Amino acid sequence: MIRSDRLLYDIAPEGFGERHCESWDTWRVRAHTMLPQFPDEVLEQWLYRHWKGVLCNWGWLDFSAMNFTKQSWSSDKILSEICTPHDDVIDKLSRRMSNPIFQRSWLVQNMQDTGTWPVAPIVLEYERDLYATNGRVLKAPFNLLEGHHRFAYLKNLSENHEFIQDKHEIWVAKIPVH
């Protein structure tokens, strides 16, 4: 696996985490020169909004080799086939949905109203288990890279027999084996 942490440092949004961060429109142009195969939605939702988390958690992945397809999956397929080494986080976030404070969250309200997520999460498809730098295991073939809140909320809606759509869009990222 080729590390991408240098590439991620190079495309860091200027002023990330500060009051005056580089605008999405300006950053997008720069990021596309180094990652032309990344769809705008993936760039904005994952790398632009969560740059530091991506660097810390996923910098060991080969971003320059990633390719993406947007797919529509059933709720059952999503909940049964997508894994994450952060099941503890998913469970915690899922339980939060019953808390009145979180019921006011725009994301919770949106997903309760529409029965799906507003933006497709990102899932890594890989032929074999991968071992992350933090010692956690990404179970093949599908692992959640981005969208833990949305995934947890869909899980909660399903477990509580609330309204959910039959199909949901996801971004599937693939990295060829070197």
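How many helices and how many strands does the protein have? It has nine helices and seven strands. Before I go on, please keep in mind that this is a predicted model.

Let me start with the whole chain. The radius of gyration is 16 Å, and the globule rule gives close to that, 16 Å, for 178 residues, so the protein is as compact as a globular protein of that length. If you lay the C-alpha trace along its principal axes, it spans about 45 × 40 × 30 Å. Of the 178 residues, 44% count as buried. The protein exposes about 9,500 Å², and 49% of that is supplied by carbon and sulfur atoms.

Next, contacts along the chain. Take the contacts between residues at least 6 apart in sequence: 73% of them join residues at least 24 apart. As for charge, there are 20 positive and 24 negative charges, and their mean positions are 4 Å apart.

Now some single residues, beginning with Thr84. Where does Thr84 lie? Find the loop between β2, residues 82-83, and α6, residues 87-96; Thr84 lies there. Is Thr84 buried or exposed? Its relative accessible area is 6%, and buried means under 20%, so Thr84 is buried. The side chain of Thr84 has two polar neighbours to look at. One is the backbone nitrogen of His86, which lies 3.0 Å from a polar atom of the Thr84 side chain. The other is the side chain of His148, with which the Thr84 side chain makes a polar contact at 3.3 Å. Leaving out residues up to four places away in sequence, Thr84 touches Ile90, Asn143, Leu144 and His148.

Helix α6 also holds Lys92. Its relative accessibility is 46%, which lies between the 20% and 50% cut-offs, so Lys92 counts as partly exposed. Lys92 and His149 are 57 residues apart along the chain, and their C-alpha atoms are separated by 9.8 Å.

Two points of backbone geometry come next. Which residues does the cis peptide bond with an omega of about 5 degrees join? The residues are Ala140 and Pro141. Pro141 sits in the loop between β5, residues 137-138, and β6, residues 142-146.

The second point is His161. This residue is not a glycine, yet it has a positive phi of about 55 degrees. You will find His161 in the loop between α9, residues 148-159, and β7, residues 167-174. Its relative accessibility is 73%, and the cut-off for exposed is over 50%, so His161 counts as exposed.

Let me move back towards the start of the chain. His32 has its place in helix α2, residues 24-34. How far apart in space are His32 and Ile11? From C-alpha to C-alpha they are 9.4 Å apart, with their positions 21 residues apart in sequence. Not counting residues up to four places away in sequence, His32 touches Phe38, Asp40 and Leu43.

Helix α3, residues 40-48, contains Glu44. At 26% relative accessibility, Glu44 counts as partly exposed. With neighbours within four places in sequence left aside, Glu44 is in contact with Trp24 and Arg49. Arg96 is 52 residues from Glu44 along the chain, and the C-alpha atoms of this pair are separated by 26 Å.

The last residue is Asn110, in helix α8, residues 106-114. Asn110 has a relative accessibility of 24% and counts as partly exposed. Which residues is Asn110 in contact with, leaving aside neighbours within four places in sequence? They are Gly115, Thr116 and Pro118.

To recap, Thr84 is buried, Lys92 is partly exposed, and His161 is exposed. When you look at the model yourself, start from the loop that holds Thr84, between β2 and α6, and then find the side chain of His148, the partner in the 3.3 Å polar contact. That is the end of my part.

Conventions
Residues are numbered from 1 along each chain as its sequence is written. This is a predicted model: local features need pLDDT of at least 70, side-chain atom pairs count only at pLDDT 80 or more; totals for chains, interfaces and linings use all residues. Side-chain values use heavy atoms; hydrogens and water are left out. Helices (H or I, at least four residues) and strands (E, at least two) are DSSP runs, numbered from the N terminus. The radius of gyration is taken over C-alpha atoms; the globule rule is 2.2 Å times the number of residues to the power 0.38. Buried means under 20% relative accessible area, exposed over 50%, partly exposed in between (1.4 Å probe, protein chains only). Contact means heavy atoms within 4.5 Å. Accessible areas come from the Shrake-Rupley method with a 1.4 Å probe; for residues, only the protein chains shown count as cover. Lys and Arg count as positive and Asp and Glu as negative; His and the chain ends are not counted. The place of a charge is taken as NZ of Lys, CZ of Arg, CG of Asp or CD of Glu. A polar contact is a pair of N or O atoms within 3.5 Å; within protein, one must be able to donate a hydrogen and the other to accept it, and residues adjacent in sequence count only if both atoms are side-chain atoms.
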